[in-house]
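Student: I would like to work through this structure with you, one question at a time. Where shall we start?

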Amino acid sequence: MEFKTATNRRLSNAASTGLYGTGVGGAGGGASRLSLYQVAPCVEVSIEEFEQFALDRLRVLKAIEENRARGRRLEEVEAVVNDLWRKHMRTPNAADAHNKDMISHFVLRLVYCRTEELRRWFLGMETTLFRQRFRSETPESQRRFMEECKLPYKAINTTEFEAVKDKLGQVARSLNQPLPTGMVPFEEVPELVASRRVFLQRGNAFVPRDQLVAIVSNHFRARLSKALVLTNRKWTATIAEEEKDRLTPIVEALSTRYLGPDYSQLKSKTTIGLQDLDSLAQRSFPLCMRHLYTKVKEDHHLRHGGRQQLGLFLKGAGLKLEDALAFWRAEFSQKMGVEKFDKEYSYNVRHNYGREGKRTDYTPYSCMKIIMATPGVGDHHGCPFRHFSQENLHAVIGGLRLNAHTVDDIMGKVRNHHYQLACAATFEGVHGCQCDGINHPNQYFEQSQKVLNPQLKSGGDDLDLSLQGMPVVPNS
């Protein structure tokens with residue numbers, strides 16, 4: 001793969017240096033749309049395509065994660081993935097679609113090779129995507145793909161089938177499954193052998209078509225797992241430094257890239273008042289912001305990471321600059337005095353609102369950016385679902401007066417590293433209604449306000465989010 005900038009400068013692809021291994025499995029332009037991604041394509045890619053292709057594929061993988069964690073049925077997940085794949089990954093030209101598939105995979109391989117957690121996530125999502133795409137192929141296309149990739153599978157010919165037809169029929173009837181269509185070395189399916197779900201003869205296991213997806217997916221997962229480790233070594237040793245002014249910033253940002261609405265600009269003239277912050281924090285702030293708000297009220301101070309996370313959230317929620325300055329000044333001055341606050345901290349507040357420095361209109365932090373933070377001792381920013389201990393998190397959630405089933409559901413999602421889904425489950429427990437998923441703290445706040453203040457659903461302008469007369473939502 002070659003990446004080309006506007007000045008036509010090129011980067012030799014990692015495949016040519018051995019980063020992605022060797023072999024031809026699924027890398028060529030065969031009839032199958034599938035690939036084992038053994039060799040990167042030798043094409044030139046603009047920086048814009050490099051990033052956009054990765055984002056398009058990332059949308060599909062994120063949807064897989066959310067639907068899997070929500071316990072959706074296989075058919076439902078496949079329907080969602082098919083729709084998103086058609087929307088984001090298809091192109092009018094088949095060759096272009098194949099290139100986009102290959103390029104987007106290898107770009108995300110660079111993005112997600114860098115830590116064990118990132119590798120584990122990418123490996124799981126890509127394997128699920130591969131399984132779904134393999135299942136949607138025709139039997140002939142599946143057979144051809146396995147032959148092209150030199151996978152240890154052989155279709156049963158007529159002579160072989162007739163020789164063992166009766167025994168295959170007995171096994172199929174006893175297990176209520178279709179007759180086998182192929183055979184593999186028995187060591188490829190140890191779980192089927194152990195559970196006596198296949199017929200064995202001369203070292204081969206006879207498997208039905210619906211078992212092929214597990215066999216092929218295991219090969220895909222094993223090869224990708226090894227490739228991610230090799231990619232990480234190459235990235236750390238050479239590529240990250242060589243591309244520090246061009247590709248490295250893009251690669252490092254993509255793993256925390258927010259794909260939802262932009263909360264740097266309010267969608268309407270809705271504002272929140274300084275006098276209502278206490279009530280809003282209790283009713284509509286996500287747990288990460290509620291924790292920060294509580295801490296600044298208790299300690300009258302937050303370190304830089306906490307001030308940035310909470311301050312930009314309040315800005316996105318509709319707190320005006322004048323009120324933001326008044327809020328931070330009122331809290332910090334209780335510990336250090338007004339003069340010291342104005343001298344050392346007010347600049348940062350104005351800077352976040354684009355009134356100082358480069359006049360940049362800073363965007364509130366997304367869930368992924370918060371989750372990937374690394375708070376130190378004395379810090380309070382980050383995601384409670386990830387950064388709190390199990391005991392502390394359970395105590396905090398207990399304070400929300402949720403029922404035991406909801407608390408268990410939340411803690412289960414946390415143990416499985418589904419932090420955003422845990423946040424969505426918290427929203428549903430607190431507000432007593434369904435939630436489509438939480439990807440941004442300001443999305444949580446916005447959805448909460450729509451539940452508590454129905455007139456917001458009509459999208460009216462000039463709304464004041466005063467809490468007077470607002471209905472109380474039960475917490476149980």
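Student: This is a predicted model. Which residue of β7 stands opposite Gln-201?

Tutor: Gln-201 belongs to strand β6, residues 199-201, which pairs with β7 in the antiparallel sense. Three bridges hold that pairing. The residue opposite Gln-201 in β7 is Asn-204.

Student: And which residue is the bridge partner of Leu-200 in β7?

Tutor: Stay with the antiparallel pair β6 and β7. Gln-201 faces Asn-204 there. For Leu-200, the bridge partner in β7 is Ala-205.

Student: Which residue in the turn between β6 and β7 has a positive phi?

Tutor: The two strands form a hairpin with two residues between them. Most residues other than glycine have a negative phi. In this turn the positive value is about 55°, and the residue is Arg-202.

Student: How many bridges join β5 to β7?

Tutor: β7 covers residues 204-207 and runs antiparallel to β5. One pair is Gly-182 with its bridge partner Val-207 in β7. The number of bridges joining β5 to β7 is four.

Student: Which residue in β5 is the bridge partner of Ala-155?

Tutor: Take strand β4, residues 154-155. Two bridges join β4 to β5, residues 182-185, and the strands run antiparallel. The β5 partner of Ala-155 is Gly-182.

Student: What is the order of the strands in the open sheet?

Tutor: Build the order from the pairings. β4 is joined to β5, β5 is joined to β7, and β6 pairs with β7. The sheet is open, its pairing is antiparallel, and the order is β4-β5-β7-β6.

Student: Which strands stand at the edges?

Tutor: Look for strands with a single partner strand. One side of such a strand is left without a neighbour in the sheet, so the edge strands are β4 and β6.

Student: Next, the loop after β5. Is Glu-188 there buried, exposed or partly exposed?

Tutor: Glu-188 lies in the loop between β5 and α7, residues 190-194. Beyond its neighbours within four places in sequence, Glu-188 contacts Pro-152 and His-219. Its relative accessibility is 23%. Buried needs under 20% and exposed needs over 50%, so Glu-188 counts as partly exposed.

Student: What distance separates the C-alpha atoms of Glu-188 and Ala-214?

Tutor: Along the chain, these two are 26 residues apart. In space, their C-alpha atoms are separated by 10.0 Å.

Student: Now the interior. Which residues touch the most other members of the largest nonpolar core?

Tutor: Nonpolar side chains tend to be buried together in soluble globular proteins. The largest core here has 62 residues. The elements giving two or more residues to this core include α4 (116-135), α5 (139-148) and β7. The residues that touch the most other members are Phe-134 and Phe-145.

Student: Which residues does Phe-134 touch, not counting those up to four places away in sequence?

Tutor: Phe-145 is one of them. Gln-142 and Met-146 are also touched. The full set is Leu-34, Gln-142, Phe-145, Met-146, Leu-212, Val-213 and Val-216.

Student: Which element supplies the largest share of the lining of the largest pocket?

Tutor: The largest pocket holds about 1200 Å³ of space. Its lining counts 45 residues, with Lys-62, Glu-65, Glu-66, Gln-420 and Asn-439 nearest the centre. By class, 17 are nonpolar, 16 polar and twelve charged. The largest share is eight residues, from α4.

Student: Is Tyr-37 buried or exposed?

Tutor: Tyr-37 sits in the loop between β2 (10-11) and β3 (44-46). Its phi is positive, about 55°, although it is not a glycine. With a relative accessibility of 2%, Tyr-37 counts as buried.

Student: And His-300, is that residue buried or exposed?

Tutor: His-300 is in the loop between α11 (287-299) and α12 (304-317). Phi of His-300 is near 55°, a positive value in a residue other than glycine. The cut-off for buried is under 20%. His-300 has 18% relative accessibility, so it counts as buried.

Student: Last one. What percentage of the chain's residues count as buried?

Tutor: The chain has 21 helices and seven strands. Among contacts between residues at least 6 apart in sequence, 69% join residues at least 24 apart. Of the 476 residues, the buried share is 49%.

Key: Residues are numbered from 1 along each chain as its sequence is written. This is a predicted model: local features need pLDDT of at least 70, side-chain atom pairs count only at pLDDT 80 or more; totals for chains, interfaces and linings use all residues. Side-chain values use heavy atoms; hydrogens and water are left out. Two strands pair if DSSP finds at least two bridges between them. A nonpolar core is a set of buried Ala, Val, Leu, Ile, Met, Phe, Trp, Tyr and Cys residues joined through side-chain atoms within 4.5 Å. Buried means under 20% relative accessible area, exposed over 50%, partly exposed in between (1.4 Å probe, protein chains only). Contact means heavy atoms within 4.5 Å. On a 1 Å grid over the protein atoms alone, a cavity is a set of points where a 1.4 Å probe fits but cannot get out, and a pocket is an open set with protein on both sides within 12 Å along at least five of seven lines; lining residues have an atom within 4 Å of a point. Grid points are joined across faces, edges and corners, and a volume is the space filled by probe spheres set on the points. Ala, Val, Leu, Ile, Met, Phe, Trp, Tyr, Cys and Pro count as nonpolar, Asp, Glu, Lys and Arg as charged, and the others, Gly among them, as polar.
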